[in-house]
Amino acid sequence: MSATWFLYSPLSPRAISALADEYERHLEAYIDEHVDRIDEDETVPEVAAGGEVPPVSELQAAYALAKRPLPKPILARYRACKSVITLDQASDLEVGPCRGLVSTLRYLLPRVGEGALVFPNDVPLVPVEEMLARIENKRGLPGFDGDEDDDDDDTPMHLATKGKTKDAPDQVRALRVLASLEGLMNDPELALDLRGTLQRSSKLAQRYAALLVEDGAVSDIKASKELGVTVEELTKMADELDRTLLALKE
């Protein structure tokens, strides 16, 4: 039985749209290589970015209807969310085939931003880190998640992973920097610290931060072209900014 799940993220709508596009490209590349390894009864959720985060009153009403208390930490995280990803035709994690949903969640959840929440068709909302722990030992689509593969598959690993797309380190770092920026901007106490930190940073760091907020997590190559610097200059600055923002959040 399928359902509709929602991911509520603190990232900007533009950034979450870029993430959904990245997922679709990853899925298309996977299907091109592994279409014969997807069971006929396996469903991969339809992923779409867009829409508004429902007002807090609707969330409170849903918890009241379910006769559940709404924890204050969950409410605080929900208030900070600014964008939505919808997973339509999501399977049941506990009943029947669910490898498509597991792989989709493993791709999206680490990238939707710190403090994001999962709405698995009904309350309660689940923090992304908790959902990742729940699916840690579940099997996903063979070859979709990097090292994962069918235990009974004799295909050599170097052939099973041929053509599979994986995020480059600079892309992962860009996603992390963007998540830090979004999280700090949404924290009333840390927003001023972020402003001061950026003002003390180089002009390149300021322009890079603005680029990520505006266009999403772009690669170092693309960012260097946009900002008119070498890749080496961009990478050195981005690594330093990443460390600075992580320290600011601690």
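This report looks at one helix and its two faces, a pair of packed helices, and the nonpolar cores of a predicted model.

## Helix H3 and its two faces

Let's start with H3, the helix that covers residues 72-80. Its buried residues are Ile 74, Leu 75 and Tyr 78. If you look down the axis of H3, these buried residues fall within an arc of 100°, so they line one face of the helix. Turn to the other side of H3 and you'll find Lys 72, Pro 73 and Arg 79, which are exposed.

So what covers the buried residues of H3? The cover includes helix H2 (56-65) along with three strands: E1 (3-9), E4 (117-119) and E5 (126-127).

## How H9 meets H11

Two packed helices are described by the angle between their axes and the distance between the axes. For H9 (residues 203-215) and H11 (residues 231-249), the angle is about 80° and the axes are 10 Å apart. That angle makes H9 roughly perpendicular to H11.

Which residues do the meeting? From H9 come Leu 204, Ala 205 and Tyr 208, and from H11 come Glu 233, Leu 234, Met 237, Ala 238 and Leu 241. Sorted by class, this contact has 7 nonpolar residues, 1 charged residue and no polar ones.

## The nonpolar cores

The largest nonpolar core has 57 residues. Within this core, Trp 5, Leu 87, Leu 108, Met 131 and Tyr 208 touch the most other members. You've already met Tyr 208 in the contact of H9 with H11.

Another core, of 14 residues, lies apart from the largest one. Val 56, Tyr 63, Val 84 and Leu 125 are among its members.

How values were computed: Residues are numbered from 1 along each chain as its sequence is written. This is a predicted model: local features need pLDDT of at least 70, side-chain atom pairs count only at pLDDT 80 or more; totals for chains, interfaces and linings use all residues. Side-chain values use heavy atoms; hydrogens and water are left out. Buried means under 20% relative accessible area, exposed over 50%, partly exposed in between (1.4 Å probe, protein chains only). Helices (H or I, at least four residues) and strands (E, at least two) are DSSP runs, numbered from the N terminus. The arc is that of the directions from the helix axis to the C-beta atoms. Contact means heavy atoms within 4.5 Å. Axes are lines fitted to C-alpha atoms, for helices over the stretch in contact, and angles run from 0 to 180 degrees between N-to-C directions. Angles under 35 degrees count as roughly parallel, over 145 as roughly antiparallel, 65 to 115 as roughly perpendicular and the rest as oblique. Ala, Val, Leu, Ile, Met, Phe, Trp, Tyr, Cys and Pro count as nonpolar, Asp, Glu, Lys and Arg as charged, and the others, Gly among them, as polar. A nonpolar core is a set of buried Ala, Val, Leu, Ile, Met, Phe, Trp, Tyr and Cys residues joined through side-chain atoms within 4.5 Å.
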